[in-house]
Amino acid sequence: MHKLKVGVIGTGNISSAYLNNGKKFDSMEIVACADLDVDRAKAKAEEFGIRGCSVEELLADPEIGMVINLTIPQAHAAVCLQALEAGKHVYVEKPFAVTREEAQAVLELATRKGLLVGSAPDTFLGGGIQTSIKLIEDGWIGTPIGATAFMMSGGHETWHPAPEFYYQKGGGPMFDMGPYYLTAMVAMLGPISRVTGMARASFPERTITSQPKFGQKIQVEVPTHVAGIIEFASGPIGTILQTFDVRGGSTLPRIEVYGSAGTLLVPDPNTFGGPIQFKRAGSHEWSEIPLVYPNTDNVRGLGAADLAKAALTGRKARPSGELAYHVLEAMHGFFDAAEQGAHYIMKSSCEKPAPFTLGLQPNSLD
């Protein structure tokens, strides 16, 4: 099978992981990168031995069959639409779009053009969460009854070189980190039927303490502490807390899934590996479960490779646009519920992504 030629748009911090890992997969070959700052694109291209160019040149290249969109969240939908209009499949970093309306426009155009669209995060395709899915499906915890998800942080202004966009429209802890947690939960427990929640911005102004913008002030435009309750269509009830407002640290787990026969402590959904802890009902000890799937290191780009494989073979993509839209709608649903003091009934649904086949080698796709 030949490789799908791919171009990257957006050469910021995350692009290096994609460009490096893109060399490992048998379904795609990254041949070019582009940016509004063409000089930055050319510098990044030289580092990885590919072609650097303008966005217009990349989209006009007939050999490029897929675009990986790594722009800032506010530009996600616009760049996806451009790429689809140019006849390219698209894989976009999270969140899928800023608004539900933008995301719907991307899905509708992809359908009209007969093209695939998918979105990060792809960490649920790593060995840690794939093994967790198998344990749940094989009945280790019995009937799932609930789950919790916690992302406890003090914010990005202490370490990120340009943290402003994390506090602007399309940012905040729910849109920044929520996709990792919600995508993992949907991959394990299936689609969501309704949500409710509360949200606030605890600190209306932030001071950057990282370089090179030390001392600059950020005006916060989005909620930075979000607590939600999730009802899954299959029955379990989940709790999620995503915050940039915890200054003193936390000991809460990342994700736990509870069942009639035991509890599963799921790995950090921002990583691809383990560990996984399991405690059977009636036991006094936690046991560490070995991973039975590969891709446990940082293989950011695995989702793009899966989308490329789907484009080449005709099978369904695991990090699909439908999954990404469902997660985006749920995130907005928490805020709608908080404003209205009511439950938000989900309008979308999605299929649980198919788990990987056992026995795959690292960086390979079935």
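These legends go with a set of close-up views of one predicted model.

In this predicted model, local features need pLDDT of at least 70 and side-chain atom pairs count only at pLDDT 80 or more, while totals for chains, interfaces and linings use all residues. Residues are numbered from 1 along each chain as its sequence is written, and side-chain values use heavy atoms, with hydrogens and water left out.

**View A. The largest pocket, at about 1200 Å³.** Of the 48 residues lining this pocket, Asn13, Ile14, His160, Phe165 and Tyr166 sit closest to its centre. A pocket here is an open set of points on a 1 Å grid over the protein atoms alone, with protein on both sides within 12 Å along at least five of seven lines, and a lining residue has an atom within 4 Å of a point. The volume is the space filled by probe spheres set on the points, with grid points joined across faces, edges and corners. At least two lining residues each come from helix 4 (76-85), helix 7 (172-176), helix 8 and strand 9 (205-207). Helices (H or I, at least four residues) and strands (E, at least two) are DSSP runs, numbered from the N terminus. The lining is a mix of 19 nonpolar, 17 polar and 12 charged residues. For these classes, Ala, Val, Leu, Ile, Met, Phe, Trp, Tyr, Cys and Pro are nonpolar, Asp, Glu, Lys and Arg are charged, and the others, Gly among them, are polar.

**View B. The second largest pocket, at about 400 Å³.** Here 20 residues make the lining, and Lys316, Ala317, Ser320, Gly321 and Glu322 are the ones nearest the centre. Helix 5 (100-113) and helix 10 are the elements that give two or more residues to this lining. By class, the count is 11 nonpolar, 3 polar and 6 charged.

**View C. The largest of 2 cavities of 30 Å³ or more.** Rolling a probe the size of a water molecule over the atoms shows where empty space is left. A cavity is a set of grid points where a 1.4 Å probe fits but cannot get out. This one has a volume of about 90 Å³. Its lining has 15 residues, with Ser119, Ala120, Pro121, Thr183 and Ala324 nearest the centre. Two or more lining residues come from helix 8 (178-189) and from helix 10 (321-340). Helix 10 is the top contributor, with 5 residues. Sorted by class, the lining holds 11 nonpolar, 3 polar and 1 charged residues.

**View D. The second largest cavity and Asn295 in its lining.** This cavity holds about 40 Å³ of space. Around it are Leu125, Tyr293, Pro294, Asn295, Phe356, Leu360 and Ser364. That makes 5 nonpolar and 2 polar residues, with no charged ones. Take a second look at Asn295: its phi is positive, about 60°, although it is not a glycine. Most residues other than glycine have a negative phi. Asn295 sits in the loop between strand 16 (287-289) and helix 9 (302-313).

**View E. Helix 4 against helix 5.** The two axes come within 10 Å and cross at roughly 10°, so helix 4 runs roughly parallel to helix 5. Axes are lines fitted to C-alpha atoms, for helices over the stretch in contact, and angles run from 0 to 180 degrees between N-to-C directions. Angles under 35 degrees count as roughly parallel, over 145 as roughly antiparallel, 65 to 115 as roughly perpendicular and the rest as oblique. On the helix 4 side, the contact (heavy atoms within 4.5 Å) uses Ala77, Cys80, Leu81, Leu84 and Glu85. Helix 5 answers with Glu102, Ala105, Val106, Leu109, Ala110 and Lys113. The contact has 8 nonpolar, no polar and 3 charged residues.

**View F. Two cis peptide bonds, one before Pro95 and one before Pro212.** Most peptide bonds are trans. The bond joining Lys94 and Pro95 is cis, with omega about -5°, and Pro95 lies in the loop between strand 5 (89-92) and helix 5. From Gln211 to Pro212 the bond is also cis, with omega near 10°. Pro212 belongs to the loop between strand 9 and strand 10 (217-219).
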